[in-house]
Structure formats: structure tokens, C-alpha cells
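Here's a quick tour of a protein model, for reading alongside the sequence and the 3D view. Have both open as you go.

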Amino acid sequence: LFILSSQPFHSNKVCWKQKGGMTLHRIWLYVSFLVWLPLGLASSAAPQQPSVTREPIIIAHRGASGHAPEHTLASYRLAARMHADYIEVDVRMTKDGKLIAMHDATLARTTNAETVYPRRSPWQVGDFSLAELKRLDAGSWFGKRFAGEPIPTLEDIIHTLKSERIDAPLYIELKQPGIEKSVVQLLQKHYYLQRGRIIFQSFHPESLQTLRPLIPNGIPLIQLIGERETARISPNELLEQVAVYADGVGLPLSLANQEWVDAAHSRGLIVHVYTVNNPHDLARLCSIGVDGLFTDYPDRPARIAACHQPPRG
Ligand code: G3P
Ligand code: CA
């Protein structure tokens with residue numbers, strides 16, 4: 001109504017005068033008032049819709065690894081199609097210094113290394129060159145339809161996302177100290193070192209401390225915490241130390257409770273939780289205010305449904 005009445009109604013062309021001085025625009029105002037009034041009253045009476053307390057970011061754990069073999073281009077593509085906010089890539093280095101996506105330190109669980117290289121036990125990633133690793137099948141163990149999926153290098157992943165116009169930010173875990181500079185150089189080469197495009201995490205504090213001077217401000221460093229660590233140090237002592245060099249913590253689901261979240265937030269640390277696959281956990285974790293969730297199933301409906309809670313307090 002205010003907008004209507006503030007319109008410059010008077011123009012050099014039109015200013016009709018009605019009998020008794022009532023101008024056209026006054027009639028327009030009265031009509032508009034009569035139309036808008038009931039609508040305005042209805043909306044103020046509408047029940048308050050539950051608002052989202054805070055929708056945590058969804059991180060596709062090893063890609064959409066509940067639907068496709070972990071750390072393959074198939075699982076990363078699927079994660080992007082499922083609108084994950086970040087795609088997690090565990091990074092290791094080969095014998096010849098190449099960066100590949102691989103969770104385990106050995107190849108036996110997720111490739112056919114024991115068949116292809118029967119005399120190379122214990123099939124440590126660092127004992128193989130990239131060329132040797134590229135002969136392996138990293139998909140069949142998960143399902144026949146993924147037979148032949150190769151182990152991707154970090155560069156393969158970036159090239160594929162770019163060539164397929166998949167704009168998915170990466171959440172990179174450095175699985176071993178000593179690879180920090182190589183990771184940063186590769187990401188820099190592909191313009192990935194930008195806030196909002198990358199998050200770094202590691203179980204190794206020295207990796208995060210090495211990364212800090214190598215990367216631009218604003219790119220989060222997340223200290224991963226294992227269940228064992230909290231056996232010998234209290235949450236507050238541990239978080240006090242982490243807050244010196246990191247921007248957040250990666251908590252195992254078993255530790256994720258209001259005490260940890262509040263203790264982290266009070267030190268300006270964000271909290272990401274791994275690995276959340278049960279929808280019931282999603283709702284609880286949203287209600288305690290976690291900032292992100294790693295999940296093997298980044299399908300969108302679970303996320304939206306879980307975090308529509310009535311405002312707390
Ligand atoms: O990075 C979060 C989570 O992936 C850490 O555990 O063993 O799955 O790498 P893991
Ligand atoms: Ca990981």
C-alpha cells in the first residue's frame with residue numbers, strides 16, 4: 001500500500017478530476033487497500049512454518065560411496081549429481097610421487113592388486129608406481145557394473161570435473177605427511193586454491209600446520225579426531241590445542257554431542273561429523289548444531305528432511 005501511494009501518480013498527461021475533487025489515483029488507492037487488506041490479514045495469521053535451524057553442509061564421503069565404488073570417478077560424478085556440497089577425496093602418494101585417490105594404505109580391499117601382482121604383498125600404495133596402479137581395477141569389488149574403474153589421480157579428478165562441467169568443491173584429506181606441497185602445487189595449477197572450492201583435513205596436525213603458510217586465507221583446515229585420541233586427553237584440552245592452527249574439527253559420530261559442539265563453537269571451531277548414514281542420526285546432529293556431515297549417501301531428501309526443525313529455545 002505504501003509503495004502504491006508513493007508512486008508518482010501525477011504525470012503531465014493524466015490528472016483527471018472527478019466531481020467533488022476525488023482524483024483517479026485516490027480511487028486506485030482505496031480499491032488497492034480493499035484488495036490487499038484481507039490478504040495481509042491472512043498472511044499474518046498463517047502458522048509459523050518451521051525454519052531450518054541450520055542446514056549442515058553435506059560432504060560425500062569418498063564420493064557417493066554408498067552407491068558406487070569409493071574414490072572412483074563414478075562415485076565422484078554421482079556425488080555431484082546428488083548435489084553434495086563437497087566431494088571428499090582421500091589423497092596418497094605413489095612410489096613415483098604421483099597423487100592418487102585412495103583411502104587405505106594398501107590396495108587389497110578396493111582393487112585386484114593381489115591377482116595382478118601376487119608377489120607384491122602387502123600391496124602398500126607407496127610401493128607401486130602410477131603406471132602399475134593404472135593396471136588395476138578399482139570397481140569390480142563393489143559391483144560388476146563398475147568393472148574396470150581405474151584408480152584416479154587427483155589430476156584425473158580435476159580434469160574430469162572440469163571437462164564434464166561439474167563444479168563440485170573438493171574436501172581433501174591428506175592421508176600421509178610429506179605430500180602437502182605437491183597437493184598445493186597441483187591445486188594451484190588448476191585454480192582450485194580458492195575459498196569455497198576446497199577444504200583440507202587430516203588426522204596429522206603436522207600436515208595442517210605445514211599447509212597453513214602455503215594456502216590463501218579463508219580456506220578451512222580441519223583437524224580430524226579419532227576415537228582413540230580422546231582416551232588420553234579431555235575435549236577441552238584437545239580443542240584448545242587444535243584452535244591454535246585449525247579452523248575446525250572432524251569428529252567421529254560416536255563423539256558428536258552437544259558438549260563437543262559447544263566446546264568447539266566456543267573456540268570458533270566448526271564441527272564436521274563422520275560418517276553419517278542413518279537418517280535418524282541426521283536429525284539429532286542437526287539439532288545439536290553441527291556444521292557439516294560426511295555421508296556415503298549424499299542424496300538430497302535425507303538432508304532437507306532432517307534439518308527442518310522448529311527453532312530451538
Ligand atoms: O575425513 C572424514 C573421514 O573420511 C575420516 O575417516 O577413515 O573415512 O578417512 P576415513
Ligand atoms: Ca577421509
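Strand E1 (residues 57–60) runs parallel to strand E9 (residues 292–295), and four bridges join the two. Within that pairing, Ala60 has Thr295 of E9 as its bridge partner. E1 also pairs with strand E2 (residues 86–93), again in the parallel sense, over two bridges. On that side Ala60 stands opposite Ile87. Two strands pair here if DSSP finds at least two bridges between them; strands are DSSP runs (E, at least two residues) and helices likewise (H or I, at least four), numbered from the N terminus.

A word on the ground rules: this is a predicted model, where local features need pLDDT of at least 70 and side-chain atom pairs count only at pLDDT 80 or more, while totals for chains, interfaces and linings use all residues. Residues are numbered from 1 along each chain as its sequence is written, chains are lettered from A and ligands numbered from 1 in the order written, and side-chain values use heavy atoms, with hydrogens and water left out.

Now for ligand 1. The residues around it, meaning those with a heavy atom within 4 Å, include His61, Arg62, Glu88, Asp90, Glu173, Gln201 and Phe294. By class, the shell has four nonpolar, three polar and five charged residues. (Nonpolar covers Ala, Val, Leu, Ile, Met, Phe, Trp, Tyr, Cys and Pro; charged covers Asp, Glu, Lys and Arg; the others, Gly among them, are polar.) Some polar contacts, which are pairs of N or O atoms within 3.5 Å, are listed here:

| Side chain | Partner | Distance |
|---|---|---|
| His61 | oxygen atom of ligand 1 | 2.8 Å |
| Glu88 | oxygen atom of ligand 1 | 2.8 Å |
| Gln201 | oxygen atom of ligand 1 | 2.8 Å |

On its own, ligand 1 has 290 Å² of accessible area, and the protein covers 90% of that (Shrake-Rupley method, 1.4 Å probe).

Which residues hold the calcium ion (ligand 2)? Glu88 (OE), Asp90 (OD) and Glu173 (OE) coordinate it at 2.1 to 2.3 Å. Along the chain, the donors follow the spacing E-x1-D-x82-E. Donors are N, O and S atoms within 2.8 Å of the metal (3.2 Å for Na, K and Ca), and water is not among the atoms, so sites may look incomplete. The arrangement is irregular because the six donor atoms subtend angles of 55 to 158 degrees.

Finally, some backbone oddities. Ser121 and Pro122 are joined by a cis peptide bond, with omega about 10 degrees. The bond from Tyr274 to Thr275 is cis too, with omega near -10 degrees. His83, although not a glycine, has a positive phi of about 60 degrees.

Notes: Polar contact = N/O pair within 3.5 Å; in protein donor to acceptor, adjacent residues only side chain to side chain. Tetrahedral: all angles 85-135°; square planar, octahedral: opposite > 155°, others 65-115°.
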